4 protein chains.
Amino acid sequence: MLSTSVTEKNLSSRNRARQSEFRKRQLIAATIDCIDKLGLSQTTLAHIAKQAGVSQGNVVFHFQSKDALLEQALRFLSDEYMTCWKDAINAADPNPVVQLCELVKASFKPAICSRKKISVWFAFWGETRSRPKYRELCGRHDLAYSQTLLSLCRQIRQKEPSTLSAETAALSIEGMVDGLWQNFLIGPAGFKRKQAIQGIFELIEVIFPAERKTIRRIANQA
Amino acid sequence: MLSTSVTEKNLSSRNRARQSEFRKRQLIAATIDCIDKLGLSQTTLAHIAKQAGVSQGNVVFHFQSKDALLEQALRFLSDEYMTCWKDAINAADPNPVVQLCELVKASFKPAICSRKKISVWFAFWGETRSRPKYRELCGRHDLAYSQTLLSLCRQIRQKEPSTLSAETAALSIEGMVDGLWQNFLIGPAGFKRKQAIQGIFELIEVIFPAERKTIRRIANQA
Amino acid sequence: MLSTSVTEKNLSSRNRARQSEFRKRQLIAATIDCIDKLGLSQTTLAHIAKQAGVSQGNVVFHFQSKDALLEQALRFLSDEYMTCWKDAINAADPNPVVQLCELVKASFKPAICSRKKISVWFAFWGETRSRPKYRELCGRHDLAYSQTLLSLCRQIRQKEPSTLSAETAALSIEGMVDGLWQNFLIGPAGFKRKQAIQGIFELIEVIFPAERKTIRRIANQA
Amino acid sequence: MLSTSVTEKNLSSRNRARQSEFRKRQLIAATIDCIDKLGLSQTTLAHIAKQAGVSQGNVVFHFQSKDALLEQALRFLSDEYMTCWKDAINAADPNPVVQLCELVKASFKPAICSRKKISVWFAFWGETRSRPKYRELCGRHDLAYSQTLLSLCRQIRQKEPSTLSAETAALSIEGMVDGLWQNFLIGPAGFKRKQAIQGIFELIEVIFPAERKTIRRIANQA
DNA sequence: AATGAATGAGGGTTCATTCAT
DNA sequence: CATGAATGAACCCTCATTCAT
């Protein structure tokens, strides 16, 4: 009897925890929608609550403050992105060229590289100087990405020397990724993911000409 | 007598116009400072007025509204940037390789590429989706830059075919410029302008290997 | 069988009633703590619940509303005080001088006259004008105290006329008690109960000089 | 010409300062009204603004925050009271008995001892424990009053020893003043200022019987 | 009996804007 | 031109209360 009651309580408690978690996800999604549509400066708790279909007080109940909610939203984006490319690398061939290509491709997956999410990333980057917390979160992800990319470039160069140093290679590849993201945001509407990936692959081919075959093979898969 | 009086009036009117212009510049500068320090979402007229050392009402007097002031600030940045690289190209040799290099160098001049101004650019980019006016101003400049860069790449390729298409070449160069800007904003503090320019020049060299000599010459000037 | 079950039910019902009563006392104690620490204007159900170690909903469950809880807290203080001095008088000699002294002494018993409880009394007095319920509760106790004190003074004067009218005597004694309470609240920290009682006894001696012996005897007991 | 302009500016500036000062007094008066009518816990900026007939934002403009306004209101009461009895003493005969009587009388002047103001005093006393600022302001005035009263009692006792120590005399007189104030607040409605003063004067007479003549003379003036 | 998610009214405060001086 | 008092809408947040579990 007692054990049943305990189990019931656990179940109920687990259900509550699950529902709370669900609500938080929902609110973060609403926050991202609002930042995209309204910009960070016009994003209010009232808008977020309306978008999520809950009361305004409930938002504060789950996140304590607006600032905390925004921070969680950024953390969500950051985690999502990081998980995405780490998974892609882990799932790939141990060949560094393949991993490099997969890393780049991960940056343009629809789940990551939608106009909406890019818009939100830029919104946070724009407040990076004034909000140390944003700076820390953005910086942490950026650093991990850069270092991974640099490490792969070094491994490739060890096998087959290129005209470019590993540092400059990494910088130019990462730069082109970032620049294409910006094009998604600001550039003409016709800009497409596939074009972007093809462009970067061409660049990688120029930088590491000996790896042409591998690169082309992966490019054709995309 | 009359003419004197008219002259006086003209002089005084001219002085006023000049002073008004001066005040506006001062307020735009204060606005840029505030956006950098506080972020767009925390930038208020009160802060701007304090930063400029004038009363709050005076700000509205000169710019009608806060939105108008922000728009003027963005327009100022945009004009400044555009003037900078157009001047650099006009002053350069008619050789497209030289012009390409000068265009790139212009993007890293201290007057343009300070951490403060980059921060403000990102602040506006972050609200691009929600504010058509920002989108228009940012897009216009971006387009001009891209087209100029693309046109130069085409001219170079005409002389000497590269493995990369002119489009991809332009995209990768512009991308690396943008990516390096982002590094200035988010990346580690030690990031320096000269390194950035050297990196891009190396990339250009890989893309247009036949132009190595010209590129190196200009790189050594930087 | 049935009777057992009934008994069990009665027991359980009694237990529940007892536990409910216990919870209420606990919540009233927590309320008094909060009013002392936070003031009436900052005392919230959340604080009270935390102080009592229960959930916020539980507070409402036991008292229906915040206002009802506050009223009960005041009623508790009032009853406690009234019981205290009535018991003291009942336990004392029928001699009115003795009873007067015991009445005064009761006002300074630690259970009544702690800095915390005085603070809460003042909190309620401060809202007396705006809350008829508080006014009624405070007024009822005050009136009972005043009338008892006046009645005792009249009895004493009947035996032995004093220079002061019974009314003024009662007023001055009650006034000094209240004033000393205020000193406990606002005055310097060193203020002590024993000094207070001695001071009032001296005053009573001046008012009723013929009762010196009785008064001194009780004073020495204190 | 210039001097005229300067003068004009000064005049205008002086007018503004005067008007600002006037507004502040007006808002403090409205605050006191609200605390009396609603209690400290229900006093909101909206109520105060409405009572003063200005916008809510304007209240914050003049006082920065609600807390600052409340503090200023308390400070006003405190200053008003202190000024009142200090003036009374300064205007009186150098005779300490006379000064004592005038000090007591000052505590019951209509400008000080209205039901409204007493209500507000109690409201602040009730939050004394939780708000150090209130404690400081209340304590400062209380101390000055007590010390003045004690000093007068000492001077009187030096001339003519009484049965009571100066300390107890001062304590009982001050206590009765406070207690009567409390009666004004809580006690039956018929309580009157003149009765109060007469009662205290009788007490003083009992404490310092040799000064009967002087005391009676001043009592008859009241 | 007890919990905690949810609500919504209202709190203090901020802020762009207006306007008399 | 310049100031600063004044406004009112909206903001973030608090909190008493309700309700499903």
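## Chain pairs and a DNA strand in a predicted model

The surface near DNA strand E is made up of ten nonpolar, 21 polar and eight charged residues. This is a predicted model, and the values below are computed from it.

The residues around DNA strand E number 39. Those that come nearest are G57(A), L45(B), S55(C), G57(C) and T44(D).

### Chains A and B

How are two copies of a chain related? By a rotation about an axis and a shift along it. For chain B and chain A, the rotation is a turn of 180° and the shift along the axis is 0.0 Å. Laid on chain A in this way, chain B fits with an RMSD of 0.1 Å. S41(B) has the C-alpha nearest the axis in chain B, at 1.9 Å.

In the contact between these chains, 41 residues of chain B meet 41 residues of chain A. On the side of chain B that touches chain A, the elements giving two or more residues are α1 (2-38), α6 (115-125), α7 (132-159), α8 (166-186) and α9 (193-207) of chain B. Which of them gives the largest share? It is α8(B), with 13 residues. By type, this side of chain B has 16 nonpolar, 16 polar and nine charged residues. Because 100% of the interface residues of chain B are also interface residues in chain A, the copies meet through the same surface.

### Chains C and D

Chain C is superposed on chain D by a rotation of 180° with 0.0 Å of shift along its axis, and the RMSD is 0.1 Å. The two copies are therefore related as by a two-fold rotation axis. Among the residues of chain C, S41(C) comes closest to this axis, its C-alpha being 1.9 Å away.

Here 40 residues of chain C are in contact with 40 residues of chain D. The side of chain C that touches chain D takes two or more residues from each of α1 (2-38), α6 (115-125), α7 (132-159), α8 (166-186) and α9 (193-207) of chain C. Its largest share, twelve residues, comes from α8(C). That side of chain C divides into 15 nonpolar, 16 polar and nine charged residues. The copies meet through the same surface, because 100% of the interface residues of chain C are also interface residues in chain D.

### Residue types by surface

| Surface | Nonpolar | Polar | Charged |
|---|---|---|---|
| Side of chain B that touches chain A | 16 residues | 16 residues | nine residues |
| Side of chain C that touches chain D | 15 residues | 16 residues | nine residues |
| Surface near DNA strand E | ten residues | 21 residues | eight residues |

Notes. Residues numbered from 1 in each chain as written. Chains lettered and ligands numbered in written order. Predicted model: local features only at pLDDT ≥ 70, side-chain atom pairs only at ≥ 80, totals over all residues. Contact = placed C-beta atoms within 7 Å. Helix = DSSP H or I, 4+ residues; strand = E, 2+ residues; numbered from the N terminus. Nonpolar A, V, L, I, M, F, W, Y, C, P; charged D, E, K, R; others polar. Least-squares fit on C-alpha atoms with pLDDT ≥ 70 in both. Near = placed C-beta within 6 Å.
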